[in-house]
Amino acid sequence: MNIRICGAALLLATLAAGCAATTDTQSVDAVMAAENTADATVAMADRAEAGSGDPDEMVCKVEKQTGSRIRRKVCATREQWERTEEYAQEATEKMQRGPQKLEEQ
């Protein structure tokens, strides 16, 4: 009799823990979706102001660091931001193309 009660209690505890984990996962998904929306809004604002203004004007942006929840403020001139963006685009394209064959001489 005691074994059945302990087994039933263990089963209920396991089910309750599973339900709680689902709620936490849903909360995490909601937070991540909100963060992605905020990031998209910031990116759109960055693109809108990128084409206008003095190339020597200092522009500060808040960036996420990989592996951290802490964001940091980074300041550079508009020209530096444009060069950084171009370099990142070129590096991404190079990685997507894969290894290139060396030309034989």
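This passage walks through the fold, the strand pairing, the charged residues and one buried tryptophan of the protein.

The model described here is predicted. Its secondary structure amounts to two helices and two strands, and a reader who starts at the N terminus meets these elements in the order α-β-β-α. Burial is sparse in numerical terms: of the 105 residues in the protein, 6% count as buried.

The middle of the chain is a good place to begin. Strand 1 (58-64) follows helix 1 (2-50), with a loop between them. Strand 1 and strand 2, the latter covering residues 71-77, run antiparallel and are joined by seven bridges. Together the two strands form a hairpin, with six residues between them. Within that turn, Gly67 adopts a positive phi of about 85 degrees. Across the pairing, Lys64 stands opposite Arg71 of strand 2. As general background, side chains in a regular strand alternate between the two faces of the sheet.

Attention now turns to charge. In general, side chains of opposite charge can pair when their charged atoms come close. How many salt bridges does a search of the whole structure find? The search returns one. It is made by the side chains of Glu57 and Arg78, with an N to O distance of 3.1 Å. This pair links distant parts of the chain, 21 residues apart: Glu57 belongs to the loop between helix 1 and strand 1, while Arg78 belongs to helix 2 (residues 78-97). The two partners also sit in their own surroundings. Glu57 has a relative accessible area of 36% and is therefore partly exposed. Arg78 counts as buried because its relative accessible area is 11%, under the 20% cut-off for that class.

Negative charge also gathers on the surface, in a patch made of Asp54, Asp56, Glu79, Glu82, Glu85, Glu86, Glu90 and Glu93. One of these residues, Asp56, lies in the loop between helix 1 and strand 1. Is Asp56 buried or exposed? Asp56 reaches 54% relative accessibility, so it counts as exposed, the cut-off for that class being over 50%.

Finally, helix 2 carries a tryptophan worth a look, Trp81. With a relative accessible area of 13%, Trp81 is buried. Where does Trp81 stand with respect to Lys61? The two residues are separated by 20 residues in sequence, and their C-alpha atoms are 9.8 Å apart in space. Lys61 falls within strand 1 (58-64), whereas Trp81 is placed in helix 2.

Technical notes
Residues numbered from 1 in each chain as written. Predicted model: local features only at pLDDT ≥ 70, side-chain atom pairs only at ≥ 80, totals over all residues. Heavy atoms only, no water. Patch = residues over 30% accessible without salt bridge, like charges linked within 9 Å, V, L, I, M, F, W, Y side chains within 5 Å. Areas by Shrake-Rupley, 256 points an atom, 1.4 Å probe, with all protein chains shown as cover. Salt bridge = Lys/Arg side-chain N within 4 Å of Asp/Glu carboxyl O. Lys, Arg positive; Asp, Glu negative; His and termini not counted. Charge placed at Lys NZ, Arg CZ, Asp CG, Glu CD. Helix = DSSP H or I, 4+ residues; strand = E, 2+ residues; numbered from the N terminus. Buried < 20%, exposed > 50% of the residue type's maximum accessible area, 1.4 Å probe, protein only. Pairing = 2+ DSSP bridges.
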